[in-house]
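Here are some short questions and answers to work through with the structure open. Take them in order.

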Amino acid sequence: MSVTVRSPGVRSIYGSARSAKALGSFSRPRANMAVQSNVISVAPILTKLKEDCATPLPVLRHLAAAMASDMRAGLAVDGGSDLPMILSYVDALPTGNEEGLFYALDLGGTNFRVLRVQLGGKEERVITTEFEQVSIPPELMFGTSEELFDFIASVLAKFAEKEGGEFNLPDCQTREIGFTFSFPVKQTSVDSGILIKWTKGFAVSGTAGKDVVACLNEAMQRQGLNLRVSALVNDTVGTLAGARYWDDDVMVAVILGTGTNACYLERKDAIPKLQSHNSTSGGMIINTEWGAFSNDLPLTEFDREMDADSINPGEQIFEKTISGMYLGEIVRRVLLKMARASELFGDSISEKLLTPFMLRTPDICAMQQDTSEDLEVVGTILLDVVGVSSNASGRQIVVEVCDTIAKRGGRLAGAGIVGILEKMEEDSEGLIFGKRTVVAMDGGLYEHYPQYRAHLQEAVQELLGPQTSTNIVIEHTKDGSGIGAALLAATNSKYGHNF
């Protein structure tokens, strides 16, 4: 028996669709390939890579326990561990009874989304939704805080002007919005948070140390927009809230995409650093920021080199081993060393192979799904993306490298999930593993990379065992953070809950 998983059919980056069942164990019908003399010298590199990336069950158990331990330390006091364990102040979750018109703003990168949703309570649930996605002009990413938030508010104002049809707001009410803000903040309440620093290429002046909700509210006032923020959330928190709206068994949310994070519902009495806050439910969503985890991870020389060359050396080590931004780059670095040690790709090294992040995770995903006899797709990607020619035996080596990095990433992510579940189980005396418990999963890496997804599921099953793992449901939820923010705006509405 295996972990129950509900996820979409496999979709390759070439547009063809195959079910996970059709892929089976991802074995490939290939002819026997004798490794030619020009690739024999890469064998020690491959062997060492596999040894350093190995994730046998004892290693996974140690990592899950370390994750749980770091969670406890981070809950005890700020700075108590690598895991920040940020208080979200979200202590009331959607019940399905919510009614009315609510907006959401999802700002997490160079694009942002605005959304409105009409809620109809238990009977009608989500009556209708509309959204728009807008690109942020590059100059605003390096401008002033006022310029950025004025631009966002102007888009919101134009979007609100189009309100009509099934969308309606009671007279004398102010529109309320949930603000998904996926940058580091120190949350001070459910509707306020101080920006710690900009990331993801932003260098906006005048915002650090300020309340981002106040910045947005002031910009909306300058636009004459009758709209106020009633909930500030991280995208992971929004994902949990959105999934919980449809399923009361959702307790954890994980995002596995370009970046990664996880949050979960914690008991108030298990949060020592929580002071003078009266939780209406006795619990609160904790944003773990688990990408910062670094305890005894199985790292390679390529991970260490990539980390040293990054903009944040020594930070986000877990994220750098499991998330979509980095898997392709690790593979590129391995292939570059192999190319230098042998004539794996001929007698010269291409400029593209020397270029950081030229090989992306969708590329290694596509190479792993190549079932052709001579791995023609692998050859095409190597030629087009990193500018190298290859023969059949060389392509087989490349696929083994991709397999190794994806397997480690998926299994480490699975161990992280189990670590969260085990911490919750220890504090709830059997209320997690003894019943159906849902992990809401979002992100393109999980959705579109079948091998990675399978390794994650296998690790969860191995760690929990066949009996317990049947109660753990990993449920794919797509783009849930936007509607989750709107639902949290409804849950925290200043007009109360007279639903």
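Cavities, cores and selected residues

Q: How do the residues that line the largest cavity divide into nonpolar, polar and charged?
A: This is a predicted model. The largest cavity has a volume of about 110 Å³. Its lining residues divide into nine nonpolar, four polar and one charged.

Q: Which residues are the closest to the centre of the largest cavity?
A: The lining of the largest cavity counts 14 residues. Strand S4 (86-87), strand S9 (185-189) and strand S11 (227-233) each give two or more of them. Closest to the centre are Ile 86, Val 185, Gln 187, Asn 234 and Asn 287.

Q: Which elements give two or more residues to the lining of the second largest cavity?
A: The structure holds two cavities of 30 Å³ or more. The second largest has a volume of about 30 Å³. Its lining includes Leu 63, Ala 64 and Met 67, and also Leu 412, Ala 415 and Gly 416. The elements asked for are helix H4 (57-76) and helix H14 (392-428).

Q: How do the residues lining the second largest cavity divide into nonpolar, polar and charged?
A: Phe 293, Leu 297 and Phe 318 are among the lining residues. Gly 416 lines this cavity too, and glycine counts as polar. The division is eight nonpolar, one polar and no charged.

Q: Which element gives the most residues to the largest nonpolar core?
A: The largest nonpolar core has 118 residues. Those with the most contacts inside it are Leu 256, Trp 290, Leu 335, Met 338 and Leu 456. The element that gives the most, with 15 residues, is H14.

Q: Why does the largest nonpolar core lie between two domains, and which are they?
A: Look at where its residues come from. Both domains give residues to this core, so it lies between them. They are domain 1 (42-84 + 247-478) and domain 2 (89-233).

Q: How many residues does the second, separate core have?
A: This core is separate from the largest one. Leu 101, Ile 136, Leu 195 and Cys 215 are included in it. Its size is 40 residues.

Q: Which residues does Leu 456 touch, not counting those up to four places away in sequence?
A: Leu 456 is one of the residues with the most contacts inside the largest core. Leu 256 is another, and Leu 456 touches it. The full set is Leu 256, Gly 410, Arg 411, Ala 413, Gly 414, Ile 417, Met 441, Tyr 446 and Ile 474.

Q: Is Arg 408 buried or exposed?
A: Arg 408 lies in helix H14. It touches Cys 53, Thr 55, Pro 298, Leu 299, Thr 300, Asp 303, Thr 321 and Ile 330, leaving out residues up to four places away in sequence. Its relative accessible area is 0%, and the cut-off for buried is under 20%. Arg 408 is therefore buried.

Q: What separates the C-alpha atoms of Arg 408 and Ala 54?
A: The two residues are 354 residues apart along the chain. In space, their C-alpha atoms are separated by 6.9 Å.

Q: Is Val 254 buried or exposed?
A: Val 254 is in strand S12 (residues 250-256). Beyond its neighbours within four places in sequence, its contacts include Thr 236, Trp 290, Ile 417 and Met 441. Its relative accessibility is 0%. Val 254 counts as buried.

Q: How does Met 358 count, at 31% relative accessibility?
A: Met 358 is found in the loop between helix H11 (324-341) and helix H12 (361-368). Among its contacts are Glu 329, Arg 332 and Val 386, neighbours within four places in sequence aside. Buried needs under 20% and exposed over 50%. At 31%, Met 358 therefore counts as partly exposed.

Q: What is the phi of Arg 125?
A: Most residues other than glycine have a negative phi. Arg 125 is found in the loop between helix H5 (121-124) and strand S7 (126-135). It is not a glycine, yet its phi is positive, at about 55°.

Q: Where does Gln 316 lie?
A: Gln 316 also has a positive phi of about 55° although it is not a glycine. It lies in the loop between helix H9 (301-309) and helix H10 (317-322).

Notes
Residues are numbered from 1 along each chain as its sequence is written. This is a predicted model: local features need pLDDT of at least 70, side-chain atom pairs count only at pLDDT 80 or more; totals for chains, interfaces and linings use all residues. Side-chain values use heavy atoms; hydrogens and water are left out. On a 1 Å grid over the protein atoms alone, a cavity is a set of points where a 1.4 Å probe fits but cannot get out, and a pocket is an open set with protein on both sides within 12 Å along at least five of seven lines; lining residues have an atom within 4 Å of a point. Grid points are joined across faces, edges and corners, and a volume is the space filled by probe spheres set on the points. Helices (H or I, at least four residues) and strands (E, at least two) are DSSP runs, numbered from the N terminus. A nonpolar core is a set of buried Ala, Val, Leu, Ile, Met, Phe, Trp, Tyr and Cys residues joined through side-chain atoms within 4.5 Å. Buried means under 20% relative accessible area, exposed over 50%, partly exposed in between (1.4 Å probe, protein chains only). Domain bounds come from an automatic or database domain assignment. Contact means heavy atoms within 4.5 Å.
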